Amino acid sequence: MQVFTVSLNYILYGVSLFAAIMLFCSKRAWKEWFWLKVAIFGIGYVAVLVSLAVIYVYAEAPGWLDYVNYSLAGYSIEVFMLFMFKERKTKLVYNVFAGSLVRFAAGKIIGAVFTFHPFPSDIGRFFITAAFVGVTYIPTYFFFARHIAQDAEFKPSVREVVFIFVLSMILLPSAFLEPILFKESEIAYVYLIAIEIVTGFGILGFQYMIHTNAVNMLSVVREGEISKRRVEQYENFRGVIEVMNHKVHDLKHQIRHLAEKHEVSEEVLHGLEGVVTDYEAFVRTGNETLDTVLTEKKFYCISKKIDVKCMVDGPAFSFLSVEDMNALFGNLLDNAIEYLVTAEEENRRLHVSSSRSDFFLKLSVENYFSGELILDDKGFPVTNKEDKLMHGYGTKSIARIAEKYGGNAAFRVEDGLFKAQVIFPVGA
């Protein structure tokens, strides 16, 4: 019976460590025949652990061998995981350390529980251990691990992984000191466990900071690349606008000439005049940069049968740099257009406007919206795209530009309209 109990504890430790590391690993990185390989490894793994349990029980081995057996059970799982994923090695090592820290902290929580509430039954201890492991893993997955697993772009550096390794090597060996240094003192033992739990989650928190910093850096890089492309498109399109202005000016004279000679029907002339009038009315905001940005978006909207109304005081936004103006208006309009092209044609309406008071300048972009708007904890709309980490830069860029000039951005749904508003402080 003792061999069975010891074997069961070894297996539980190995399986729970495997599960902890798996929390951080993405399915997309699984190698071919993943679960078959896991099954084959599992059979051999159980055989080895049972053998270790037999040696420990019947060979009257010293107590420290039990800790060595646990270490072998853990290290073999970690090494196995490194060969089971098509991931960058630093990311795999990062995941292994994160999973090991979660399992370590869970084990210490269980140790603290057993110190105050000992269970005479080994089977009872087994189930209590399994329950506490699950309780620890669930919040860890939802608050941290799933973000790592879903982030295909995250690639920790060698330096970061080495630093995590050093921190872990300071913490993890402390488990071997417990029976040696604190065997006679229950208070000191509980105190050490508390320090280990806090330190374990502290290192895990540091790993979370590494990931968060990487996400923020990637966001800045992506926004920079998008902003650069927008400026290049603006420069190219500005030249097109200048040519079109000349062409439209000439076309007005030609239409007048045709009307005087009555060489075409009144219906054709009226249609041509309408096209010219619509074009001229749209591009005039009083700000050349803004005219170009809005004209480009208007042409795209026309092709998608989106009705655009624009009443913007262009000179009021002259304090924005060319890059920021392109990014701000481009992102606001792109977000609206991206939704409207999926809507019914009769609902494709987009309204861009600005207003100014003595102290504030407000920019509003409103579009038809059907459905429920979900905002994250920072007030940004949550994308409904599968790869959430690869999207959402638009609204964050809008907010960042607003904050850069001392303002703020807000997003809401009201009366069947999605409303994005940006407010800048201005002098009286």
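Trainee: Are H10 and H11 roughly parallel or roughly antiparallel to each other?

Mentor: Good place to start! Two packed helices are described by the angle between their axes and the distance between the axes. Here the axes of H10 (residues 288-303) and H11 (residues 322-340) come within 10 Å and cross at roughly 20 degrees, so the two helices are roughly parallel to each other. Axes are lines fitted to C-alpha atoms, for helices over the stretch in contact, and angles run from 0 to 180 degrees between N-to-C directions. Under 35 degrees counts as roughly parallel, over 145 as roughly antiparallel, 65 to 115 as roughly perpendicular and the rest as oblique.

Trainee: What should I know about the model and its numbering?

Mentor: This is a predicted model, where local features need pLDDT of at least 70 and side-chain atom pairs count only at pLDDT 80 or more, while totals for chains, interfaces and linings use all residues. Residues are numbered from 1 along each chain as its sequence is written, and side-chain values use heavy atoms, with hydrogens and water left out. Helices (H or I, at least four residues) and strands (E, at least two) are DSSP runs, numbered from the N terminus.

Trainee: Which residues of H10 and H11 make the contact?

Mentor: Contact means heavy atoms within 4.5 Å. On H10, the residues include Leu 290, Val 293 and Leu 294; on H11, Phe 329, Leu 333 and Ile 337 are among them.

Trainee: How is the sheet ordered?

Mentor: Strands pair if DSSP finds at least two bridges between them. Five strands form an open sheet in the order S1-S2-S3-S5-S4, with mixed pairing. S1 (307-311) and S4 stand at the edges with a single partner strand each, so one side of each is left without a neighbour in the sheet. From one strand to the next, the twist averages 15 degrees.

Trainee: Where do the parallel and antiparallel pairings come in?

Mentor: S1 and S2 (residues 349-356) run parallel, joined by five bridges, and Asp 307 has Arg 349 in S2 as its bridge partner. S3 (residues 360-368) pairs with S5 (residues 417-425) in the antiparallel sense over nine bridges; there, Tyr 368 stands opposite Leu 417. S4 (residues 408-414) is also antiparallel to S5, over seven bridges, and Ala 410 is partnered by Gln 421.

Trainee: What is special in the hairpin of S4 and S5?

Mentor: Two residues lie between the strands, and Asp 415 takes a positive phi near 55 degrees.

Trainee: Which strands does H11 lie across?

Mentor: H11 lies across S2, S3 and S5, running at about 20 degrees to S3.
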